[in-house]
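Subject: Structure handover

Hi,

Here is the structure I promised to pass on. Please open it alongside this email.

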Amino acid sequence: MTPATDRNLQLFERARHVIPGGVNSPVRAFKAVGGTPRFVSRAQGAYFWDANGKQYIDYIGSWGPMILGHGHPAVVEAVQKACLEGFSFGAPTEREVELAEEILSLVPSMDMVRLVSSGTEAGMSAIRLARGATGRNKILKFEGCYHGHADALLVKAGSGLATFGHATSAGVPAEVVQHTLVLEYNDVAQLEKAFTLHGKDMACLIIEPIAGNMNFVRASIPFMQRCRELCTQYGALFIFDEVMTGFRVGLRCAQGVYAKSIPGFEPDITVLGKVIGGGMPLAAFGGKRAVMEQLAPLGPVYQAGTLSGNPVATACGLATLREIKKPGFYEALGAKTQTLMAGLKGAADKAGVPFSVDSEGGMFGFFLFDTLPQNYAKVMTTDNQRFNTLFHGMLDRGVYFAPALYEAGFMSAAHTDADLQATVHSAVEIFNLL
Ligand SMILES: *Cc1c(COP(=O)(O)O)cnc(C)c1O
């Protein structure tokens, strides 16, 4: 392909004149890996086609939502029907109630849920709710966990544990992040010290239980248990950001995974997004009744949205949830993910490339390390050049993994054994070059 015939390149150049960086969300720009982003013209099942008509096996699935694969017939039908009934009313609908009931029946830690339009909005609202409900200001998060781009959450660790964080974005005043404490993921000693120092003032602790924004890193069981105990002891609300993991790692979400090892385990507030919209703008946050009743119009914590509970988005989400509830869905999805991970690991081993893999349900991560990393600092020591060689080698062979070493990967129900085999076959070729 020459520059004169590469439609992706032409579109990227056009896009850069009218959209900052040519993209509407930064990671799409391929800045981490170099090269030209693929402009998607259409998608079906486990595949998408770029502007040059080249086909890819899609392991991103819109960063998680497309768990059924693209264009699932039952979802398409539900969306088409909803479109004919109206796009948006700014008034309540039966479908919102149905979706809320469906979500609550699957996630027992929540008594009530509010629907919003993005994970950012849900996370931001959950923090405001936690502050309003506790009457406290301070919040605690972990390095490498992403909770959307609300001002107070765009923070990295300060110079020492007892210090509060620094904004990671221009345009965020220091005053806005002065109450945000950032700790290392999976570090129990730091966690305990932070609660000893600030526990009485802590409104909430927010965590990605299985972090998907630093590739794929699990919170260890003892760490998770200690988070829960300390929140309870100090009266801080424990917020599970399951925007990525919710209905992605299992039908009971990541909290269901942890409840298997920690009996009775529950977060206080859960934040959902991605899968619950099935590819449409839809997210949610929910928790116990007493906390949720602090929200307007019942309580003093304001929260609102013109398109919240949008009738087309809720139709898409409901149809998606009804498919993933079917018996055996997660067993089949998890088996595919494990087959792929085992295949990649086998290929790396044969080529003598240090490699480690982890997965849960339809979410996975792989690393150019012998052992799985436990925190963001370790993930970021990945050899960039080798990762980029791997990424571009796979891309050339029609396999679309995340264009950054700090992102997770996603399997869909539409991926076939042949897709997995083709992926591993390509990996064998690349690993021999690494
Ligand atoms: C994607 C994501 C968000 C942000 O959701 P948007 O819909 O992109 O605003 C928040 N938290 C986590 C864990 C995510 O993966």
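Below is what I found, starting with the sheet and ending with a hairpin.

Keep in mind that this is a predicted model.

**The sheet**

Start with the open sheet. Seven strands form it, and the pairing is mixed. The order runs β4-β14-β13-β12-β9-β5-β8. Two strands sit at the edges: β4, residues 112-116, and β8, residues 180-183. Each of them pairs on one side only. On average, neighbouring strands in this sheet are turned by 20° against each other, ignoring direction.

Look at the β8 end next. Strand β5 covers residues 138-142 and pairs with β8. The sense is parallel, and the pairing spans four bridges. Within this pair, phenylalanine 142 stands opposite leucine 183 of β8.

**Helices on the sheet**

Two helices to find here. Helix α3, residues 94-106, packs on the sheet. Its contacts include β4 and β13, the latter being residues 269-272. The direction of α3 makes about 125° with that of β4.

Helix α4, residues 119-134, also packs on the sheet. It touches β4, β5, β9 (202-207), β12 (237-242), β13 and β14 (283-287). The direction of α4 makes about 165° with that of β13.

**The ligand**

Which residues are around the ligand? They are Ser118, Gly119, Thr120, Tyr146, His147, Gly148, Glu208, Asn213, Asp241, Val243, Met244 and Lys274. By type, this shell divides into three nonpolar, six polar and three charged residues.

Some polar contacts to check:

- Glycine 119 has a backbone N or O atom 2.8 Å from an oxygen atom of the ligand.
- Tyrosine 146 has a polar backbone atom 3.2 Å from a nitrogen atom of the ligand.
- Asparagine 213 uses its side chain: an N or O atom there is 3.2 Å from an oxygen atom of the ligand.

How much of the ligand does the protein bury? Taken alone, the ligand exposes 390 Å², and the protein buries 82% of that.

**A hairpin**

Last, go to strands β1 and β2. Strand β1 is residues 40-44, and strand β2 is residues 47-50. They pair in the antiparallel sense over four bridges. One bridge joins arginine 42 to its partner in β2, tryptophan 49. The hairpin of β1 and β2 has two residues between the strands. In this hairpin, glycine 45 takes a positive phi near 60°.

Best wishes

Technical notes: Residues are numbered from 1 along each chain as its sequence is written. This is a predicted model: local features need pLDDT of at least 70, side-chain atom pairs count only at pLDDT 80 or more; totals for chains, interfaces and linings use all residues. Side-chain values use heavy atoms; hydrogens and water are left out. Two strands pair if DSSP finds at least two bridges between them. Axes are lines fitted to C-alpha atoms, for helices over the stretch in contact, and angles run from 0 to 180 degrees between N-to-C directions. Contact means heavy atoms within 4.5 Å. A residue is near a molecule or strand if one of its heavy atoms lies within 4 Å of it. A polar contact is a pair of N or O atoms within 3.5 Å; within protein, one must be able to donate a hydrogen and the other to accept it, and residues adjacent in sequence count only if both atoms are side-chain atoms. Accessible areas come from the Shrake-Rupley method with a 1.4 Å probe; for residues, only the protein chains shown count as cover. Ala, Val, Leu, Ile, Met, Phe, Trp, Tyr, Cys and Pro count as nonpolar, Asp, Glu, Lys and Arg as charged, and the others, Gly among them, as polar.
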